[in-house]
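Biologist: I'm new to this, so please pick one part and take me through it slowly. Show me how its pieces fit with what surrounds them.

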Amino acid sequence: MEDLVLRPQIKVATDLESNVKESTRSRHPYLDGNFYPQKTELHLVECNFEGTIPPVVAGGQYLRNGPNPSLPPAPEQPYHWFDGDGMVHGVYFHQDPKTGCIVPRYVNKQVKTDVLIASHHWTFSLMPSIATLIDPISTTALLLKAILRTAILSFLSGSTRISVANTSLVFHDNRLLANCENGPPMTISAPELETLGWQRFLDPDTGRNAGMPGSFDEWSTAHPKVDPESGDLITFGYNIFAPPYVRYSVIGSDGRHKTFQQPLDLPESVMMHDFAVTKTQSIIFDLPLSLSPFNAIKGVPMISFNPLRRARFGVFPRLYKAGEDEIIWFKTDACMIFHSANAWDEIDEKGEVNAVCMVACRFQGAKLVHAAAGMAAPGGGGTDVVHLFYYRFDLKTRQISHAYPLSDFPMEFPTVNPAYLTMKNHFIYGASLSSGSFDAALSGAKIDTLVKVDVQERIKSPPMGVTQETANLPPSGSGVKKISLPPGHFASEANFAPSRPDDPDAEEDDGYLFIIVYDEARLDPVTGDAPDDDPDASSVWIIDAKTFSLPPIAKIRIPQRIPFGLHGTWVSRQQLESQENIQINVDGQVELKPGTKTRTATSISALTSLWKWQLVWAGNEVKRGVGDLGTLSFGLSALVAWVLFLLMTWDLWAMLGGCAIRKVF
């Protein structure tokens, strides 16, 4: 019998073994191995650990969000990594009030969005895959069909909100928010991770909120920023159908609007995944990745990158008012930025802001968007390594005075000590690879190297001769530290927790980094599948951010597999205890108060069940024949269905009517 070749992505086995065991999972690169969704939810299960858990994390929780399709697509269906329903994983560091011992407890929950609830009742996903929207062979008819299908099913389900809340997490106004850019944030309770409801930014004074439920006015970026000093939430949302294509808001720590839904003038709708903020300014990215249903008229995909169009960065005051303040536009070569790292003001001798500096992860093109769908970018395009990149926007000359790479190695998923966001800082923590690059990761981008970069040192002494193909690995050079994970181990984004949060003399890197690590030695040796209930596959590592070295100071064993995901955050004890509708139980644990309303059951569940029942009944009546007595009963039931539908969606209709009246008068 020939030798058995074991690879995580490709199964090569003998005929005998194939007959015994074969994977039923999709071989799509972002559904393969540990990318496959986790179907089991656990509730604050005690975890084993090795090492020492720092006392300062007691009562806090490390959290990470990411795509986890609750109805995984069949092998022949298109899929994109960003499609999946949001699932939040967390480790809560419970402190026993009697002994003082810290006990890590693991919890994971799907975010109960309208899309997830309705999809489960329809038994198929409401949303078209992003892969369909970027595929150059998708016809205009196919795109229109996908859009209309989603619109009709959402309408019949009693909602037009299409967010899957799968990207990031921030804490603002005593709420934990799960974010995705195609809808409003979703409020999640911590540490139990129950879904509470959509955050519509209701101003307690004026009563104004984000607008009509399900409208583009509700959309908010996947990466809102929270100012560490004021607690302000800075955010924006975009509209893909009509101008204004972007609306910008600043919401205070108490929920009051400081500036709200201010239109920003852009010539077309673009995919704007992130932005950057300083103490006084905000920076938006008008980059040449068009996102418009009208692209089909031009013969290009709905999401399409134009390398001939220049990139623009708009700099404007933090509390921007349309018609009063100016946006200064800075043009440069075409590029794509999915994540900014940080930005800060440069102050002159008069105390005025004369420039804004920004560090971000810069691609030359949008190959990553296609790679995450497991498809090659149109035209190939060559290697497009993402580098940490520095920009200086001179507000006096209105020119970009500096624009150059700070790394000659690939770097993505940048994070900083949150206390230094919007300020000039030194350290950026990021993800890298021991080989290859993120754009070419058609086998799934897997992080096996972490880097700590002193950006101020690199700004003074940048690497020379860097090209778009430069991927010097492993990362090295002045101001760069790296951690190489053990062979076969792959990590998530690193998230910072301060070790001296109340010490004014604490240094920027006095803290800990949390990462989720998966061991691919735990993959099934024949199928390459990742077993869901494996207690030895995934672990959370706590790394000293200052020494930035292995071994980690603690490894927390997770009782089941955690799939690869996107962005995380650290939530302190003070933040957890500040949430509404929580209490401290007799064991000293934060929990929801009994009777708190969650989204375990909604009108969406009732409506989708109702329509399915109607369709089944209709099918039965057709089989019986039009003249059958059952036709009358079906007609009566349909009438009841429509009455219930109107009653259950009354708020939506009232809002639509109110908007129409305001437009007329």
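Modeller: Let's start with some vocabulary: two strands pair if DSSP finds at least two bridges between them. The strands themselves are DSSP runs of E with at least two residues, numbered from the N terminus. One caution before we look: this is a predicted model, where local features need pLDDT (the predictor's confidence in each residue, from 0 to 100) of at least 70 and side-chain atom pairs count only at pLDDT 80 or more, while totals for chains, interfaces and linings use all residues. Residues are numbered from 1 along each chain as its sequence is written, and side-chain values use heavy atoms, leaving out hydrogens and water. For the protein chain, pLDDT averages 87, and 85% of the residues score at least 70.

Okay, on to our sheet. It's an open one made of four strands, in the order β26-β27-β28-β29, with antiparallel pairing. At the edges you'll find β26 (412–415) and β29 (480–484); each has a single partner strand, so one side of each has no neighbour in the sheet. On average, neighbouring strands are turned by 20° against each other, direction ignored; the axes behind that angle are lines fitted to C-alpha atoms, and angles run from 0 to 180 degrees between N-to-C directions.

Now zoom in on β27 and β28 (residues 449–454), which pair in the antiparallel sense over six bridges. Follow Y429 across to β28 and you land on its bridge partner, K452. K452 has another link: its charged end sits over the ring of F427, 4.5 Å from the ring's centre. To count, NZ of Lys or CZ of Arg must be within 6 Å of the ring centre and within 35 degrees of the ring normal.

Back to Y429, because there's a second story here: Y429 lies in β27 (residues 427–432) and F496 in strand β31 (residues 495–498), so their aromatic pair ties together parts that are 67 residues apart in sequence. The pair is stacked, at 6.0 Å centre to centre with 25° between the planes. The rule is that rings of Phe, Tyr and Trp (its six-membered ring) pair if their centres lie within 6.5 Å; planes under 30 degrees apart are stacked, over 60 edge-to-face, and the rest tilted. By that rule, the count comes to 28 aromatic pairs. And Y429 and F496 are both buried, meaning under 20% relative accessible area with a 1.4 Å probe, protein chains only.

Technical notes
Buried < 20%, exposed > 50% of the residue type's maximum accessible area, 1.4 Å probe, protein only.
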